[in-house]
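Hi everyone, thanks for making time for this. I'd like to walk you through one structure today, so please have a look at it while I talk.

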Amino acid sequence: MEHYDFRSGHPHAQPNFRNLVIRPMWITLKTALRTIPFVGRLPFLHNDYHNKRVNMADGFTERRVGSDHVSMKWADSDSYAADREATDVMPFVERPVTVMYPYERLEDLEPWLFVPGAYNGRIGIIWETCTACKACVRACPNDCLHMTTETRVNVLDTAKEGDEWHGYGSDIEVGGYAALPRSNNSDVENFDLINDHAAAPQEYDFAEVIDLTGSTATIKWPNGGGVENIPVTDLKPAEQDIVSGRIDIGRCMFCGLCAEACPFESFFMTNEYDGMSGYSRQDLWFDADRTRVLPSVHKERVDMELEKRAKKEKIKREKKAAKAAKASGA
Ligand code: SF4
Ligand code: SF4
């Protein structure tokens, strides 16, 4: 399996003494000093982003709220400072307000603040290792997690030719599915799990196997994509399987019980803390492709699972071969 350098989390600063104690104390002191008339205007109390333009409204927001909405007026202002606010009556009295999330993000503005590595954000499921055991669904106290059917390559079939655990998966069969690895993997390499807020890209193109002749498979692409003959060695067996990951994120409380319950290195809590809002309850229903995590993000854990299952399969095949040899000798 290829390993890509995925951005799988928000920027993390080191949890050291400076970042945990000195910086927060200094920020608190600065914030207090800023509220004092005249003193609060001293340059050393300003943050780098003070008085910078904040792009607070995109086209969709403008269409939704209308160009007369107050937030659109702010969006046109070059001088609006996200962290300070004054009144018309007493313009010298300034008070700090929070950063203008989601137009600004704290980790961009104050990089010494960080999202802890163990922070429970959106759920993330690796389809390749999911066994549809439903332990995660049963563990969810809010009943918001569901199983669904997806086309995927099983972890046992992801091992490459020459890898130690290659050959313990299934075979390509007529009537089944096959996966052709995409030659251009830039979508996968550039996918940013945390900030893209979109379904994870596919690493394969899937097709139905309609014939097998020697070492060539005839496959039928979906949606009228035609029929093609492809060497079997270029394909991986694929399956339509039940996997976890469909969720009503509006009911999720990010407790992580689902991830703890998963016995198959399949369920993770990501660091994603945004991209989980909408204008209706329906917007908060995420399909499984939106909560999918690609195997390369947790390569070590997926490799562990591959080894575990391949070893089991090896023992099973050896026992079967020994039994067959015994039967033929008798
Ligand atoms: S994090 Fe908690 S509430 Fe959310 S799906 Fe998992 S078990 Fe359910
Ligand atoms: S994610 Fe884990 S616990 Fe949930 S169904 Fe898949 S293997 Fe089972």
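I'll start with the chain overall, then go to the ligands, the salt bridges, a surface patch and two single residues.

Please keep in mind that this is a predicted model. The chain has 330 residues, and 39% of them count as buried. Its secondary structure comes to eight helices and 11 strands. If you take the contacts with a separation of 6 or more, 73% of them are between residues 24 or more positions apart. On the outside, the chain exposes about 18,800 Å², with carbon and sulfur atoms supplying 53% of that area.

Now the ligands. Which residues surround ligand 1? Going along the sequence, we have Cys 140, Pro 141 and Cys 144, then Ile 247, then the run Cys 252, Met 253, Phe 254, Cys 255, Gly 256, Leu 257 and Cys 258, and finally Met 269. By class, that shell has 11 nonpolar residues, one polar and no charged ones.

Ligand 2 has 14 residues around it. The closest are Cys 130, Cys 133, Lys 134, Cys 136 and Cys 262. Here the shell divides into 10 nonpolar residues, three polar and one charged.

On to the salt bridges. As a reminder, side chains of opposite charge can pair when their charged atoms come close. How many salt bridges does the structure hold? The count is 14, and I've picked three to show you.

The pair to begin with is Glu 272 and Arg 122, whose side chains meet at 2.6 Å, N to O. This salt bridge links distant parts of the chain, with the partners 150 residues apart. Glu 272 sits in the loop between strand S10 (267-269) and strand S11 (285-286), while Arg 122 sits in the loop between helix H4 (106-109) and strand S3 (123-125). Are these two buried or exposed? Glu 272 is buried, at a relative accessible area of 0%, and Arg 122 is buried as well, at 1%.

Next, have a look at Arg 292 and Glu 128, which form a salt bridge at 2.8 Å, N to O. Arg 292 lies in the loop between S11 and helix H8 (299-329), and Glu 128 in the loop between S3 and helix H5 (135-139), so this pair ties together parts that are 164 residues apart in sequence. Arg 292 is buried, with 3% relative accessible area, and Glu 128 also counts as buried, at 2%.

For a local example, go to helix H8, where Glu 313 and Arg 317 are four residues apart, which means about one helical turn separates them. Their side chains meet in a salt bridge at 3.0 Å, N to O. The cut-off for buried is under 20% relative accessible area, so Glu 313 counts as buried at 19%. Arg 317, on the other hand, is partly exposed at 35%. There is also a network to point out: Arg 122, Glu 272 and Arg 290 are joined by salt bridges that share partners.

Let's turn to the surface. Trp 26, Leu 29, Ile 36, Val 39, Leu 42 and Phe 44 make a nonpolar patch of about 520 Å². One of its members, Val 39, is found in the loop between helix H1 (17-34) and helix H2 (59-65). Val 39 is partly exposed, with a relative accessible area of 35%.

To finish, here are two residues to click on. Ser 244 is in strand S9, residues 236-248, and counts as buried at 1% relative accessibility. What does Ser 244 touch, not counting residues up to four places away in sequence? The list is Ile 125, Trp 127, Cys 130, Cys 136, Leu 145, His 146, Met 147, Phe 267 and Ala 288. Two of those names, Cys 130 and Cys 136, came up earlier among the closest residues to ligand 2.

The other residue is Leu 156, in the loop between strand S4 (145-152) and strand S5 (177-181). Leu 156 counts as buried, at 15% relative accessibility. Leaving aside neighbours within four places in sequence, Leu 156 is in contact with Tyr 168, Gly 169, Leu 306, Arg 309 and Ala 310. From Leu 156 to Thr 129 is 8.6 Å, C-alpha to C-alpha, with their positions 27 residues apart in sequence counted as separation.

That's my tour, and I'm happy to go back to any part of it.

Key: Residues are numbered from 1 along each chain as its sequence is written. Chains are lettered from A and ligands numbered from 1 in the order in which they are written. This is a predicted model: local features need pLDDT of at least 70, side-chain atom pairs count only at pLDDT 80 or more; totals for chains, interfaces and linings use all residues. Side-chain values use heavy atoms; hydrogens and water are left out. A residue is near a molecule or strand if one of its heavy atoms lies within 4 Å of it. Ala, Val, Leu, Ile, Met, Phe, Trp, Tyr, Cys and Pro count as nonpolar, Asp, Glu, Lys and Arg as charged, and the others, Gly among them, as polar. A salt bridge is a side-chain nitrogen of Lys or Arg within 4 Å of a carboxyl oxygen of Asp or Glu. Helices (H or I, at least four residues) and strands (E, at least two) are DSSP runs, numbered from the N terminus. Buried means under 20% relative accessible area, exposed over 50%, partly exposed in between (1.4 Å probe, protein chains only). Patches are made of residues with over 30% relative accessible area and no salt bridge: like charges are joined within 9 Å, nonpolar side chains (Val, Leu, Ile, Met, Phe, Trp, Tyr) within 5 Å. Accessible areas come from the Shrake-Rupley method with a 1.4 Å probe; for residues, only the protein chains shown count as cover. Contact means heavy atoms within 4.5 Å.
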